[in-house]
Amino acid sequence: MKILLVEDDDFIITLLTRSLSSHHYVVDVVKDGEMGWTYGFGFEYDLLILDVVLPNLDGISLCQRLRAEGLTTPILLLTAQDSSIAKVQGLNAGADDYVVKPFDPLELVARIQALLRRSSANLSPVLTWGDLRLNPSTCEVTYNAQPLILTTKEYDLLELFLLDSHH
């Protein structure tokens, strides 16, 4: 699963990139709203995470612009603005979720997984080979119904092999 992170804070970028990568997500990072527009509309992502306060184009305007162009990819707004008015404004702009900084990385990953589960356009079929099962939507791998713990590299290779199992 591929995520676009539009964030200008280097600490948050590092934290989220590490956390999401450990959950087998591929993360592209851009640091301003205009680049977020270019990437968000020019490439295919399973989820967009947008900071609200960004250089060149704020996250709420970026969200509105993406939705106005018909983008249906789930969008999560990430911001330090925690007033009810800011939350309502973000959700009304087309965001699917709104998380306030500082945040718990485990909760954020759980919210991301929930958004991806609900997105019918992003449901990938479970990949199987005998008793081996890989669910790309949840990043879970099992063998004989027992969960397997894989490194990111092992997971990526297994997914590649299962996607092209005829070779």
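Which residue takes a positive phi in the hairpin of strand 6 and strand 7? That residue is G130, with a phi near 65 degrees, and the hairpin has two residues between its strands. Before going further, a word on the model: it is predicted, so local features need pLDDT of at least 70 and side-chain atom pairs count only at pLDDT 80 or more, while totals for chains, interfaces and linings use all residues. Residues are numbered from 1 along each chain as its sequence is written, and side-chain values use heavy atoms, with hydrogens and water left out.

Now for the overall picture. The chain holds six helices and nine strands; these are DSSP runs numbered from the N terminus, with helices being H or I over at least four residues and strands being E over at least two. The C-alpha trace spans about 50 × 30 × 25 Å along its principal axes. The radius of gyration (taken over C-alpha atoms, with a globule rule of 2.2 Å times the number of residues to the power 0.38) is 17 Å, which agrees with the value near 15 Å for a compact globule of 167 residues. Of these 167 residues, 43% count as buried; here buried means under 20% relative accessible area, exposed means over 50%, and partly exposed is in between, using a 1.4 Å probe and protein chains only. The accessible surface comes to about 9,200 Å², and carbon and sulfur atoms account for 54% of it; such areas come from the Shrake-Rupley method with a 1.4 Å probe, and for residues only the protein chains shown count as cover. Contact means heavy atoms within 4.5 Å. Among contacts between residues at least 6 apart in sequence, 56% join residues at least 24 apart.

One sheet is built from five strands. This open sheet has the order 2-1-3-4-5 and parallel pairing, where two strands pair if DSSP finds at least two bridges between them. Strand 2 (26–30) and strand 5 (97–100) are the edge strands, each pairing on one side only. On average, neighbouring strands here are turned by 20 degrees against each other, direction ignored; axes are lines fitted to C-alpha atoms, for helices over the stretch in contact, and angles run from 0 to 180 degrees between N-to-C directions. Inside this sheet, strand 3 (residues 47–51) and strand 4 (residues 75–79) are parallel partners over four bridges, and D51 has L78 in strand 4 as its bridge partner. Helix 5 (residues 105–118) packs on the sheet and touches strand 1, strand 3, strand 4 and strand 5, its direction making about 175 degrees with that of strand 5.

D51 and L78 turn up again around E7. E7 sits in the loop between strand 1 (2–6) and helix 1 (10–22). Leaving aside residues up to four places away in sequence, E7 touches I12, I13, V30, K31, D51, L54, L78 and K101. At 0% relative accessibility, E7 counts as buried. The E7 side chain also reaches the backbone nitrogen of D9 at 3.0 Å.

The other sheet is open too, with four strands in the order 6-7-8-9 and antiparallel pairing. Strand 6 (127–129) and strand 9 (146–148) stand at its edges with a single partner strand each, so one side of each is left without a neighbour in the sheet. Its neighbouring strands are turned by 25 degrees against each other on average, direction ignored. Strand 6 pairs with strand 7 over three bridges, and in strand 7 the bridge partner of T128 is R133. Strand 7 (residues 132–135) is joined to strand 8 (residues 140–143) by four bridges; L132 stands opposite Y143, L134 opposite V141, and N135 has E140 as its bridge partner. Helix 6 (residues 152–163) packs on this sheet, touching strand 6, strand 7 and strand 8, and its direction makes about 105 degrees with that of strand 7.

In a regular strand the side chains alternate between the two faces of the sheet. Strand 7 has a covered face with L132 and L134, and an uncovered one with R133 and N135. Further along, strand 8 and strand 9 pair over three antiparallel bridges, and V141 stands opposite L148 in strand 9. The hairpin of strand 8 and strand 9 has two residues between the strands, and N144 takes a positive phi near 55 degrees there.

Notes:
Polar contact = N/O pair within 3.5 Å; in protein donor to acceptor, adjacent residues only side chain to side chain.
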